[in-house]
Amino acid sequence: MSILIQGEKLFKSYRMPTTVVHVLCGADLTVSDGQTVAVVGKSGAGKSTLLHVLGTLDRPEKGRVLIDGQDLYALPARMRTRFRSSRLGFVFQSYHLLPEMDVLENVMLPAMARRGFLLAVPASRRRALDLLGAVGLKDRADHMPFELSGGEQQRVALARALMNDPEIVLADEPTGNLDMTTGGQILEILFELTRQRGHALVMVTHNEEIASRCDRVLLLKDGLLLDG
């Protein structure tokens, strides 16, 4: 397998009213094509910050993030946004569905940011319906988010993350707001769909049992990533 993601000497801190919190202190990371990686660590260790930096949602103070050798933070903002929408998929603990859009429209949202979307609406619609079928919600395509349970909303969020067939899926505690049974179902879908398509998966979790299902486990401690 070739290396897909490289995080090199990543530094990130946050200035508080009376102190500076150092979150990432030279963290290094590599992820190969199709690999599943769990990032574990104590609450407040910076796991979500790491995902945001890898996903170009939060710029590091120092260090580089490379995907296929491309330094993402060296790109102009517009190109970085385009790169993020086409090659990265995000699944968050909170579902972040748009309440004014129905389920199908929420899944199609990433495709709407791509060039030529208006010419590709029929194909995008078919892709979104296929993904909803894969997560067991094709019959809820015309429902609004408030009509769905938490588990169903997270399935929609998962389908949305995969809409553009990204090479990399970044998942931040994707079952954190769900009960054990529903969370287990979401995980099964997440692992099955990412492995089926050969996506790399980087998942933040506090659950050791979930982490053990990944190819690698990394511990974020004192701002550094260590093999768990």
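User: In this predicted model, which residues does V107 touch, leaving out those up to four places away in sequence?
Analyst: V107 touches A128, L132, V156, A159, R160 and M163 once residues up to four places away in sequence are left out.

User: Is there a second, separate core, and what does it include?
Analyst: There is a second core, separate from the other, with 30 residues. L29, V53, L72 and F90 are among them.

User: Back to V107. How many residues does the largest nonpolar core have, and which have the most contacts inside it?
Analyst: The largest nonpolar core has 38 residues. V107 is one of those with the most contacts inside it, along with L132, V135, V156, L190, L201 and M203.

User: Which helices and strands each supply at least two residues of that core?
Analyst: The helices are α3 (103-112), α4 (121-134), α5 (150-161), α6 (180-197) and α7 (208-211). The strands are β3 (36-40), β7 (168-172) and β8 (200-204).

User: Where does the largest share of this core come from?
Analyst: From α6, which gives six residues.

User: Next, α3 and α4. At what angle do the axes cross?
Analyst: At roughly 120 degrees, and the axes of α3 and α4 come within 9 Å. Angles of 65 to 115 degrees count as roughly perpendicular and those over 145 as roughly antiparallel, so α3 is oblique to α4.

User: Left-handed or right-handed?
Analyst: The crossing of α3 and α4 is right-handed.

User: Which residues make the contact?
Analyst: On α3 they are V103, L104, V107, M108 and A111. On α4 they are V121, S124, R125, A128, L129 and L132.

User: Changing topic: what is phi of D68?
Analyst: Phi of D68 is near 55 degrees, a positive value, and the residue is not glycine. D68 is in the loop between β4 (62-67) and β5 (70-71).

User: And phi of D222?
Analyst: Phi of D222 is also positive, near 55 degrees. D222 is in the loop between β9 (216-221) and β10 (224-227).

User: Why does D222 count as exposed?
Analyst: Because its relative accessibility is 66%, and exposed means over 50%. D68 has 46% relative accessibility, so D68 counts as partly exposed.

User: Last topic, cysteines. How many disulfides?
Analyst: The count comes to zero disulfides.

User: Is C214 buried or exposed?
Analyst: C214 is buried, because its relative accessible area is 8% and the cut-off for buried is under 20%. C25 has 30% relative accessibility, so C25 counts as partly exposed.

Key:
Residues are numbered from 1 along each chain as its sequence is written. This is a predicted model: local features need pLDDT of at least 70, side-chain atom pairs count only at pLDDT 80 or more; totals for chains, interfaces and linings use all residues. Side-chain values use heavy atoms; hydrogens and water are left out. A nonpolar core is a set of buried Ala, Val, Leu, Ile, Met, Phe, Trp, Tyr and Cys residues joined through side-chain atoms within 4.5 Å. Buried means under 20% relative accessible area, exposed over 50%, partly exposed in between (1.4 Å probe, protein chains only). Helices (H or I, at least four residues) and strands (E, at least two) are DSSP runs, numbered from the N terminus. Contact means heavy atoms within 4.5 Å. A disulfide is a pair of cysteine sulfur atoms within 2.5 Å. Axes are lines fitted to C-alpha atoms, for helices over the stretch in contact, and angles run from 0 to 180 degrees between N-to-C directions. Angles under 35 degrees count as roughly parallel, over 145 as roughly antiparallel, 65 to 115 as roughly perpendicular and the rest as oblique. A crossing is left-handed if the near helix is turned anticlockwise from the far one by less than a right angle, and right-handed if clockwise.
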